[in-house]
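Colleague: I would like a close look at a single part of this model, namely one helix together with its packing partners and its charged contacts. Could you take me through that part step by step?

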Amino acid sequence: MLKSVMNQLSMLFFLVLFCLVSACEKEEVTPNTPGPTPGTRYLDLLFSEVDSTMGVQYGANTNQAGNNVPLLMNIYQPANDTENNRPLIILAHGGGFAEGDREDFNDLARKFARAGYVAASISYRLMSGADDPSLQIAVIDAVQDMKAAVRFFNLDNTYRIDPDNIFIGGFSAGAVTALHYAYFDEAEISAVPEELQQYILSTGGLSGNSGNPGGSEQIKGVINISGGLLKADLVDAGDPILYSIHGSLDNCTIDPDSENNPNGDFIEGSCLIHPILDSFGITNQLRLIEGGDHGAYFSCADCDDEMRRFIFDNL
């Protein structure tokens, strides 16, 4: 009897030992391929590696100096990702419509890609080199270019984007571009100065002629970092949702008719836009950084996480 029990214990011991060895051997041979880590897609930074495609041409158009400008973008997506219908984020750099480069937003675009998004950082026409540059025309040029970028992705789904979840945004001039894309429509052209009206109508309307005609321009929302509108009341019921980051010392409430803006070039900031969105029941969130200046976002430790949370909650 004792011998039988000992034999059974011996068999059990070797069985457990075999399982442990087998498990260890299996763990050792598992390939270490890059892929998502545990977490929530579109919220957490799941992917350690990102695929980038640099300098993709999405269109071309003539700038204020009369030169034909190729319009390029850098595109980022998570490596080894098989997901279809991925949300798209298109970002535009700052620089007062006179300078700046699409490389300026590469890091934020990569971060979005690590969370599972497709993200693009675009160039757009600037007013540099023009004999008599117009800031307001530069805004229209940039809006037309950004619309061409959205159409690019909707006409060629190589990047497997979800057309119902497209967000646009940027910093400073790039944010101004995204805001006017979202809230300035054809019915409101008559509200701007006549010279600007004529320019818009002569260059293909707000859709423009920068490329990819026929593609959808529909967007769901805007990421506004230190931007504003020509007039905050351009916002209408049913317009896209908005997440904004703005320093309290950065003309968040400036009126274009104020003495601080003698040329009429200044725009109405986030603090004037969000109450109008509230009045229409449009989903929005304003991160006001007290004491922050124009670049307050760049020293904000948690703004990127908060930005992703807003987008994630509204997919």
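Modeller: A salt bridge here is a side-chain nitrogen of Lys or Arg within 4 Å of a carboxyl oxygen of Asp or Glu, and the structure, which is a predicted model, holds 12 salt bridges. The part I would single out is helix α3, residues 135-155.

I begin with its helix neighbours. The axes of α3 and helix α4 (residues 173-183) come within 9 Å and cross at roughly 70°; since angles of 65 to 115 degrees count as roughly perpendicular, α3 and α4 are therefore roughly perpendicular to each other. On the α3 side this contact is made by V139, A142, V143, M146, K147 and V150, and on the α4 side by G174, V176, T177, A178, H180 and Y181. Sorted by character, the residues of this contact comprise 8 nonpolar, 3 polar and 1 charged.

With helix α5 (residues 194-202), α3 packs at an angle of about 25°, the axes being 10 Å apart, and these two helices are therefore roughly parallel to each other. The crossing of α3 past α5 is right-handed, and the residues that make the contact are Q136, I137, I140 and D141 of α3 with L196, Y199 and I200 of α5. Here the division is 5 nonpolar, 1 polar and 1 charged.

I140, a residue of helix α3, deserves a look of its own. Its relative accessible area is 3%, so I140 is buried, and, leaving aside residues up to four places away in sequence, I140 touches F184, L196, Y199, I200 and L206. The C-alpha atoms of I140 and L196 are separated by 8.7 Å, although the two residues are 56 residues apart along the chain.

Turning to the charged side chains, R125 meets D141 in a salt bridge with an N to O distance of 3.4 Å; R125 sits in the loop between β4 (118-122) and α3, whereas D141 is in helix α3, 16 residues apart. R125 also forms a salt bridge with D145, whose closest N and O atoms are 3.0 Å apart, and this pair, with D145 in helix α3, spans 20 residues. R125 and D141 are both buried, and D145, with a relative accessible area of 0%, is buried as well.

A further salt bridge joins E217 and K147, the closest N and O atoms being 3.5 Å apart. E217 lies in the loop between α5 and β6 (221-225) and K147 in helix α3, so the pair ties together parts that are 70 residues apart in sequence. E217 is partly exposed at 21% relative accessible area, whereas K147, at 8%, counts as buried.

Notes:
Residues are numbered from 1 along each chain as its sequence is written. This is a predicted model: local features need pLDDT of at least 70, side-chain atom pairs count only at pLDDT 80 or more; totals for chains, interfaces and linings use all residues. Side-chain values use heavy atoms; hydrogens and water are left out. Axes are lines fitted to C-alpha atoms, for helices over the stretch in contact, and angles run from 0 to 180 degrees between N-to-C directions. Helices (H or I, at least four residues) and strands (E, at least two) are DSSP runs, numbered from the N terminus. Angles under 35 degrees count as roughly parallel, over 145 as roughly antiparallel, 65 to 115 as roughly perpendicular and the rest as oblique. Contact means heavy atoms within 4.5 Å. Ala, Val, Leu, Ile, Met, Phe, Trp, Tyr, Cys and Pro count as nonpolar, Asp, Glu, Lys and Arg as charged, and the others, Gly among them, as polar. A crossing is left-handed if the near helix is turned anticlockwise from the far one by less than a right angle, and right-handed if clockwise. Buried means under 20% relative accessible area, exposed over 50%, partly exposed in between (1.4 Å probe, protein chains only).
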